[in-house]
Amino acid sequence: MQKRLKDLYLELLAAYGHQGWWPAISPYEVMVGAVLTQNTNWKNVEKAIANLKAADCLHPSAVLAARNARLEALIRPTGFYRQKAERLKCATETWTQMSARKSKMDTMALRARWLAVKGIGKETADSILLYAYGRPVFVVDAYTRLFCSHHGLFEAKEYDEYRRFFESNIPGCVPLFKEYHALIVQWAKQKRKK
DNA sequence: CCCCAGGATTGCT
DNA sequence: AGCAATCATGGG
């Protein structure tokens with residue numbers, strides 16, 4: 001593990017503590033959160049998740065059976081609710097299809113399958129792979145790029161260049177990937193407050 | 001009143 | 001290939 005990346009990780013962990021992103025909830029709920037949080041404050045996502053749960057609509061069969069208008073009303077606090085209602089259905093179809101096959105699939109093949117879903121880009125796909133499926137994929141976002149440039153770690157244009165930078169310089173350990181990404185987000189939030 | 005949030009797609013150049 | 005417009009609610 002590259003020393004600089006390890007030191008920074010330990011610093012973040014000491015400063016902010018264990019973030020515990022997406023802990024004791026169902027993997028499906030993680031996937032729903034990954035879609036709903038696109039360009040949206042997590043607090044708003046929590047409201048939508050609570051709405052879905054209260055309506056007993058937080059499982060694949062219920063989402064697939066729900067009318068779009070109903071889904072839209074439930075996830076409204078997350079914004080972009082028309083797009084997201086459709087995206088949630090598309091993602092849920094894939095989720096259901098993959099439930100039986102995913103264990104046999106290579107991580108990159110699974111990633112390609114998710115990237116083919118409308119409304120699922122690289123960051124959302126990787127969040128699903130890491131936090132819902134437990135695959136060793138490093139999630140990159142705008143904060144990750146800011147973090148890299150702020151500490152003089154790495155500069156690039158493409159999403160996948162950043163992803164591979166982390167994947168090839170820290171151990172391919174799922175809990176570490178989960179925690180590191182969450183800590184970077186926390187770091188950026190704190191930094192913004194100043 | 002402004003800007004942003006745990007993005008992705010489409011369309012134009 | 002790059003870049004702007006679009007989607008839309010809630011909080012600072």
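A crossing of two helices is right-handed if the near helix is turned clockwise from the far one by less than a right angle. Keep that in mind for the opening stop of this tour, and remember throughout that the model is predicted.

**Stop 1: the α2 and α8 pair**

Select residues 27–36, helix α2, together with residues 122–132, helix α8. The two pack at an angle of about 160°, and their axes are 9 Å apart. Because angles over 145 degrees count as roughly antiparallel, α2 is roughly antiparallel to α8. Turn the view until one helix lies in front of the other, and you can follow α2 as it passes α8 in a right-handed crossing.

Now show the side chains. From α2, pick Pro27, Val30, Met31, Ala34 and Val35; they meet Thr124, Ser127, Ile128, Tyr131 and Ala132 of α8. Colour this contact by residue class and you will find eight nonpolar residues, two polar and no charged.

**Stop 2: DNA strand B**

Stay with α8 and bring in DNA strand B: with three residues, α8 gives the most to the surface near this strand. Thr124, which you have just seen facing α2, has a polar side-chain atom 2.7 Å from a phosphate oxygen of strand B. Next, select Thr40 and Trp42. A backbone N or O atom of Thr40 lies 3.4 Å from a phosphate oxygen of strand B, and a polar backbone atom of Trp42 is likewise 3.4 Å from a phosphate oxygen of that strand. Among the elements that give two or more residues to this surface are α6 (81–101) and α11 (174–193).

Zoom out a little to take in the 21 residues that surround strand B; the closest are Trp22, Asn39, Gly119, Gly121 and Thr124. By class, the surface holds six nonpolar, nine polar and six charged residues. Of the strand B atoms within 4 Å of the protein, 61% belong to sugar or phosphate and the rest to bases.

**Stop 3: DNA strand C**

Which element gives the most to the surface near DNA strand C? Select α6, which supplies three residues; α3 (42–54) also gives two or more.

Three polar contacts are worth a look here. A polar backbone atom of Phe80 is 2.9 Å from a sugar or linking oxygen of strand C. The side chain of Arg82 places an N or O atom 2.7 Å from a phosphate oxygen, while for the side chain of Lys157 that distance is 3.4 Å.

To complete the view, add the other surrounding residues, including Asn44, Lys47, Arg76 and Gln83. Sugar and phosphate make up 59% of the strand C atoms that come within 4 Å of the protein. The surface residues divide into three nonpolar, three polar and four charged.

How values were computed:
Residues numbered from 1 in each chain as written. Chains lettered and ligands numbered in written order. Predicted model: local features only at pLDDT ≥ 70, side-chain atom pairs only at ≥ 80, totals over all residues. Heavy atoms only, no water. Axes fitted to C-alpha atoms, helices over the stretch in contact; angles between N-to-C directions. Helix = DSSP H or I, 4+ residues; strand = E, 2+ residues; numbered from the N terminus. Parallel < 35°, antiparallel > 145°, perpendicular 65-115°, else oblique. Contact = heavy atoms within 4.5 Å. Nonpolar A, V, L, I, M, F, W, Y, C, P; charged D, E, K, R; others polar. Near = heavy atom within 4 Å. Polar contact = N/O pair within 3.5 Å; in protein donor to acceptor, adjacent residues only side chain to side chain.
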